[in-house]
Amino acid sequence: MTRLNELRLISRVAQMYHIEGRRQAEIAQHLRLSQATVSRMLKRAEAEDIVRTSVIPPVGTYSELEGALREKYDLPEAIVVECTEDRDGAIMARIGEAAAHLLEVTLAPGEIIGVSSWSQTIFKMVENIHPQKSAQAKYVVQTLGGMGDPSVQTHATQLTTRLARLTGAEPKLLPVQGVTTSREAKLLMQADPFVRETMDLFGSITLAIVGIGAVEPSELLARSGNIFSSRELSDLAEAGAVGDISLRFFDKNGKPVKTPLDDRVIGLPLEDLERVDRVIALAGGAKKTNAIAGALRVGVIDMLVTDKFTAQRLID
């Protein structure tokens, strides 16, 4: 009966602490025990399965889907958001809201943020961010060339400068085309001092926020002019490409698809992205499911923010 008596007292200590809300010092005084003994008994209560921890996810959260994504893709973290419609506009809005909250609560002082400039989902995130007063970033660095069609040009500039203003950072723009006409044109543009100043910060980025694109470009990217020709995109698909991160393409297994087209992109390479401490990808939608699956296998993404429909497709 000695063990039973011991467990009975441990159970009483656990009840007083977890249910009655009493402090350890108060329990010790009440039961005439030392505080060290009370602490040991509380640990023993867990070991003996007297105290069990239950986490009950709130309605509208998807911990099982998040766990399945982490396990299947060896992904450090995932956020799956509620969405009532499997439609691109609705999905981008919900992902943007969740990503904005994530950035607000995890932003560290002095952070150097790298951001892809041609993502509508990232733009939705920026629209939902509140001005940061405590933890302020140092720089917001544009990681893909932003010059293009004047009708959509302001999108890239506004995204970078607005995120910088909201996070208390200095914007570092990349005022050149994302896709140049030739390798020689790229080298010439990169020689510009302002371009060089921004690209020199690529190696110092501590947080990268990226979108994931399918081989078939989004409407915004297509209108920007920062994209390859239809024939070139077709060649990429034939080479096995399923998607891209900042116009750096990969196949379904996450292997980079290297072609001469790489030499015409002014932006952050995948190998540099791999060295960034924290990479958050925002993406969802039926058209991007295969691209997202490939991107998760590249091995550079630390957290995916997606919607419940896309998450289920990625798992299935």
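A cavity is a set of points on a grid over the protein atoms where a 1.4 Å probe fits but cannot get out. Keep that in mind for the first two views, and remember that the whole model is predicted.

**Figure 1. A look into the largest cavity.** The structure holds 2 cavities of 30 Å³ or more, and the largest one has about 40 Å³ of space in it. Who lines it? Thr 143, Val 210, Ile 245, Ser 246, Arg 248, Leu 268, Pro 269, Leu 270 and Leu 273 do. Sort that lining by type and you get 6 nonpolar residues, 2 polar ones and 1 charged one.

**Figure 2. The second largest cavity and its nonpolar lining.** This one comes in at about 30 Å³. Around it you'll find Ala 99, Leu 102, Leu 103, Met 125, Ile 209, Ile 280 and Leu 282. Helix H5 (88-106) and strand S9 (278-282) each chip in with at least two lining residues, and H5 gives the most, with 3. The lining has 7 nonpolar residues, with no polar and no charged ones.

**Figure 3. The second largest pocket, with its mixed lining.** The volume of this pocket is about 160 Å³. Its lining is made up of Arg 248, Phe 249, Gly 254, Pro 256, Val 257, Lys 258, Asp 262, Leu 270, Glu 271, Glu 274, Val 298 and Val 300. Strand S8 (248-251) and helix H12 (270-273) each hand over at least two of those residues. By type, the lining splits into 6 nonpolar, 1 polar and 5 charged.

**Figure 4. Strand S3 and the strands it pairs with.** Strands of a sheet pair through backbone hydrogen bonds, either parallel or antiparallel. Strand S2 (residues 112-115) runs parallel to S3, and 4 bridges link the two; in this pair, Val 115 has Gln 142 of S3 as its bridge partner. S3 also runs parallel to strand S4 (residues 170-172), this time with 3 bridges, and here Val 140 stands opposite Pro 171 of S4. Which way do the side chains of S3 (residues 139-142) point? Tyr 139 and Val 141 go one way, Val 140 and Gln 142 go the other way, and all of them are buried. Bring in helix H6 (residues 120-128) and you have a right-handed β-α-β unit built from S2, H6 and S3.

**Figure 5. The open sheet S6-S7-S8.** Three strands make up this sheet, in the order S6-S7-S8, and the pairing is antiparallel. Strand S6 (213-214) and S8 are the edge strands, each pairing on one side only. Strand S7 (residues 241-245) is joined to S8 by 4 bridges, and Asp 244 sits opposite Phe 249 of S8. Phe 249 may ring a bell: it also belongs to the pocket lining in Figure 3.

**Figure 6. Ser 182 in its loop.** Ser 182 lies in the loop that runs between S4 and helix H8 (183-190). Is Ser 182 buried or exposed, or something in between? It counts as partly exposed, because its relative accessibility is 22% and that class lies between under 20% (buried) and over 50% (exposed). Now find Arg 264: although 82 residues separate it from Ser 182 along the chain, their C-alpha atoms are 5.7 Å apart.

**Figure 7. The two domains of the chain.** Zooming out, the chain divides into domain 1 (1-53) and domain 2 (61-313). Taken over C-alpha atoms, the domain centres are 51 Å apart.

Notes: Residues numbered from 1 in each chain as written. Predicted model: local features only at pLDDT ≥ 70, side-chain atom pairs only at ≥ 80, totals over all residues. Heavy atoms only, no water. Buried < 20%, exposed > 50% of the residue type's maximum accessible area, 1.4 Å probe, protein only. Pairing = 2+ DSSP bridges. Right-handed = clockwise from strand over helix to strand, strands pointing away. 1 Å grid on protein atoms, 1.4 Å probe; cavity = no way out; pocket = protein on both sides within 12 Å on 5 of 7 lines; lining within 4 Å. Points joined across faces, edges and corners; volume = space filled by probe spheres on them. Nonpolar A, V, L, I, M, F, W, Y, C, P; charged D, E, K, R; others polar. Domains from an automatic or database assignment.
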